[in-house]
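Hello,

Here is the structure I said I would pass on. Please have a look, then read my notes underneath.

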Amino acid sequence: MKQPQKEKLLAVLYPARCAFCGKVVAPLQRLCENCKTEAEPIAGETCMRCAMPKKRCACGKRSHFYDEAIAAYIYDGVVKEGILRYKRGGDRRAALFFAEAAANRYREACSFQADYIAYIPQRKKEVDARSFHQARELAVLLSKALDIPVFDGLVKLYDVPPQKSLPHLYKRGNVAGIFDVTTPEAVAGKRFILFDDVKTTGETMDECAKMLKLSDAEKVVALSFAATEKKRRPGGKPEFKK
Ligand SMILES: [Zn+2]
Ligand SMILES: [Zn+2]
């Protein structure tokens, strides 16, 4: 069944729900009025290193393996609740909203046309524990929205503690060397979207971008549905909001 037909059928069978809070909304609406007001879409001039609006960038111009970073929303409030709700329950229509918003943002802000969409790979047992590969599912939806094929050649070699369980200082080391590219010949000279639902410190995205670049990828854009704002305390070190 084609996607629009399927969506119409779903709208008849199940009421439409807000992608963030899950409240019932009018047919074919994606967000409720409250979430629409509360969520902070990213638009206008942004920092290409951290994806934040220029005025809110606190990344200190640190360089990355990816060439640019783009995100559709700031990861906070209702956006954060929505993503956590999706991670718990796997609401496919929320996933569709995340992918479509990321697709729109990519069209608006990316400086190049990508050949492939890569995603952060998981180990088989991580996928089995959740019963679906969340990152790949989102990549497939993004692929449909943009008509760009999914690239399945990034693999995760080892299990490591989740990034969010570690202090900032250990995050980079935690993911170093845990990914590989199985088909480097398919990567050489190509331009990639590396897609994830949330970019926090960006270390995992950067490590995957590094592997693509080591296989001679021409360009990599780190695209996420939402990105965490780095707060700079007066006189202190930059801090990521938990
Ligand atoms: Zn809502
Ligand atoms: Zn920045």
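Below is what turned up around one strand and its neighbours. Bear in mind that this is a predicted model.

Start with strand E5, residues 191-199. Of its 9 residues, 7 are buried, so E5 is largely enclosed by the rest of the structure.

E5 has a partner in strand E2, residues 116-119. The two run parallel and share 4 bridges. Ile 117 of E2 sits opposite Ile 193 in E5. Tyr 119 faces Phe 195 of E5. E2 is covered on both faces. Tyr 116 and Ala 118 are buried on one side. Ile 117 and Tyr 119 are buried on the other.

E5 also pairs with strand E6, residues 219-227. This pairing is parallel too, with 8 bridges. Within it, Phe 192 has Val 220 of E6 as its bridge partner.

Next, the connection. E5, helix H9 and E6 form a β-α-β unit, and its hand is right. H9 covers residues 203-214. Its buried residues include Glu 203, Thr 204, Met 205 and Asp 206. Cys 208, Ala 209, Met 211 and Leu 212 are buried as well.

Does the length of H9 come out as expected, or not? At 1.5 Å a residue, its 12 residues should span 16 Å. The end C-alpha atoms are 16 Å apart, which agrees.

One last detail follows the helix. Asp 216 comes after H9 and has a positive phi, near 70°.

Best wishes

Note on methods:
Residues are numbered from 1 along each chain as its sequence is written. Chains are lettered from A and ligands numbered from 1 in the order in which they are written. This is a predicted model: local features need pLDDT of at least 70, side-chain atom pairs count only at pLDDT 80 or more; totals for chains, interfaces and linings use all residues. A residue is buried if 20 or more other C-beta atoms lie within 10 Å of its own, exposed if 12 or fewer, and partly exposed in between; C-beta atoms are placed from the backbone. Two strands pair if DSSP finds at least two bridges between them. A crossover is right-handed if, with the strands pointing away from the viewer, the path from the first strand over the helix to the second runs clockwise. The expected span of a helix is 1.5 Å times one less than its number of residues.
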